[in-house]
Amino acid sequence: MWQLIIFEIQKLMGKKLTLACLLGMALMEAVMIANYIYPRGEAVQYFQEGELMTLDGKEGIEAAQAIAEKYQGPLTDAKVQDILAEFDMEEEDMKSHGLDPSIEGMYTHNFLYASLKAFYDGKGVWNGMTVGEVYGELAQDLNVGYSSGWISMLTALLNTLISLGCVLIIILAPLFAEEYTRGTDALILTGAYGKSKCARAKIIAGFLVTLGLVGIVILTFAAVYLLAYGTAGLEASVQVSDSGAFRNVSYPMNCGQAVLFALLMWFTASLVLTAVSVFVSAAAKSAFNSLVISFVLFVLPLFINWESLGALNLPAQFLPIRQMRLFEIFACPLLHAGSLELNLMWLSIPLALAAVILGSLYAGRAFARHQVV
């Protein structure tokens, strides 16, 4: 059986188109790492004795983490005002370097200063807002820490994995359908194990390819990140970040929890995507039809205004491409059942298992019942 599985993996991965797509993914991954993680992952700017100092790369990361360490802990009104006061740029210094003091808040300071943009006006002056007014009931659970690096890595990874989803469709579309296109389905299905072992080997190979490629991408990002940043900031709240990517998360969540939930979303979404692609490949009449149908099913949800569809918006969060984006599903409120609270994201596990079982079952049946001419 394993020989058949390895043979199917080699068929999927040995195509010139597959190799070209993987090369493109490697280049994209390198660009995303360089732009979001290292060396362009962090910038700190301040005045020192009238000179404008700009730190980036490794120096910028170390400086930002030192700032986070100084202020780490609960986010309070006093801490907000201390941060704004410490990193305020003197008007004379700004003018001497051609900077406009009236828009100080738009210039680079550091990630922590930028995380508090809701608390200052365009001039960088405290606007009188309190933590409770900005964050509501969530205010008492927020912690300051080095969130910037983790949020940047999650953003880079989700963009990369969505692109990888398209590549996986290209790889998996011919899994069964190519046999129909080439006419080799007759040879396979009339063999002793054509409707059983061969079909199962194809399905298993498809899932192994998906898990392998998703795992490699995530491990590559993680290795670069940990080497450049370490593990600082895992306890920091995702709501207090310079990007504001997870500002709408309505319950306490730190960066460590965000990373774990992101991994859950990415792997379960990839399994669902694979299950759908495998089934479509078995049911389609040709490899081209399989590719088009799978690609449309994956990408189309991005172009639908789900909020206008009311009750459909919630289940639609579990469509693979929406799960991979993270932003919407992270922002979904907790489900309440009496005194129990359930994070909606945990539902991705049974849904993924159901998709894998049903997709594999019906793909095998569709292939076995294919009309051999």
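**Reading a predicted chain, feature by feature**

Trainee: How many salt bridges does a search of the whole structure find?

Mentor: The search of the whole structure finds 5 salt bridges. Please keep in mind throughout that this is a predicted model.

Trainee: Why can side chains of opposite charge pair?

Mentor: Such side chains can pair when their charged atoms come close. One case here is Lys 11 with Glu 8, whose closest N and O atoms are 3.8 Å apart; this falls within the 4 Å cut-off for a salt bridge.

Trainee: How many residues separate Lys 11 and Glu 8 in helix α1?

Mentor: They are 3 residues apart in helix α1 (residues 2-13), so about one helical turn separates them.

Trainee: Is Glu 8 buried or exposed?

Mentor: Glu 8 is buried, because its relative accessible area is 7%, and the limit for a buried residue is under 20%. Lys 11, at 26% relative accessibility, counts as partly exposed.

Trainee: Which residue forms a salt bridge with Glu 91?

Mentor: The partner is Lys 95, with 3.0 Å between the closest N and O atoms. Both residues belong to helix α5 (residues 91-96), where they stand 4 residues apart, about one turn of the helix. Glu 91 is partly exposed at 45% relative accessibility, whereas Lys 95 is exposed, its relative accessible area being 53%.

Trainee: What salt bridge does Arg 325 form?

Mentor: Arg 325 pairs with Glu 328, and their closest N and O atoms are 2.9 Å apart. Arg 325 counts as partly exposed at 26% relative accessibility, and Glu 328 is likewise partly exposed, with a relative accessible area of 24%. Elsewhere, salt bridges that share partners bring Glu 8, Lys 11 and Lys 202 into one network.

Trainee: I should now like to see the chain as a whole. How many helices and strands are there in the chain?

Mentor: The chain has 17 helices and 6 strands. Its C-alpha trace spans about 85 × 50 × 35 Å along the principal axes. Of the 373 residues in the chain, 48% are buried.

Trainee: What volume does the largest pocket have?

Mentor: Its volume is about 240 Å³. The lining of this pocket comprises 20 residues, and those closest to the centre are Glu 42, Ala 43, Thr 108, Phe 111 and Asp 242.

Trainee: Which helices each supply at least two residues of that lining?

Mentor: They are α2 (16-37), α6 (111-115) and α8 (148-172). The largest share, 3 residues, comes from α6. By character, the lining divides into 8 nonpolar, 8 polar and 4 charged residues.

Trainee: Which residues make the nonpolar surface patch of about 850 Å²?

Mentor: The patch is made by Phe 288, Val 292, Val 296, Leu 300, Leu 302, Phe 303, Ile 304, Leu 309 and Leu 312. To belong to a patch, a residue needs over 30% relative accessible area. Val 292 serves as an example: this residue has 37% relative accessibility and therefore counts as partly exposed. Val 292 lies in helix α13 (residues 287-299).

Trainee: Let us turn to the backbone. Where is Glu 49?

Mentor: Glu 49 sits in the loop between β1 (43-48) and β2 (51-56). Although Glu 49 is not a glycine, its phi is positive, about 55°. Glu 49 counts as exposed because its relative accessibility is 80%.

Trainee: Which residue other than glycine has a phi near 70°?

Mentor: That residue is Leu 326, and its phi is positive. Leu 326 is placed in the loop between α15 (320-325) and α16 (327-331). Leu 326 counts as buried, at 0% relative accessibility.

Trainee: Which two residues does a cis peptide bond join?

Mentor: The cis bond joins Tyr 38 and Pro 39, with omega about 15°. Pro 39 is in the loop between α2 and β1.

Trainee: How should I read separation along the chain beside separation in space? What distance separates the C-alpha atoms of Gln 72 and Asn 143?

Mentor: Their C-alpha atoms are 6.9 Å apart, while 71 residues separate them along the chain. Gln 72 lies in the loop between α3 (57-71) and β3 (73-74), and counts as partly exposed at 45% relative accessibility. For another pair, Glu 49 and Val 209, the separation along the chain is 160 residues and the C-alpha atoms are 57 Å apart.

Notes. Residues numbered from 1 in each chain as written. Heavy atoms only, no water. 1 Å grid on protein atoms, 1.4 Å probe; cavity = no way out; pocket = protein on both sides within 12 Å on 5 of 7 lines; lining within 4 Å. Points joined across faces, edges and corners; volume = space filled by probe spheres on them. Nonpolar A, V, L, I, M, F, W, Y, C, P; charged D, E, K, R; others polar. Patch = residues over 30% accessible without salt bridge, like charges linked within 9 Å, V, L, I, M, F, W, Y side chains within 5 Å. Areas by Shrake-Rupley, 256 points an atom, 1.4 Å probe, with all protein chains shown as cover. Salt bridge = Lys/Arg side-chain N within 4 Å of Asp/Glu carboxyl O. Buried < 20%, exposed > 50% of the residue type's maximum accessible area, 1.4 Å probe, protein only.
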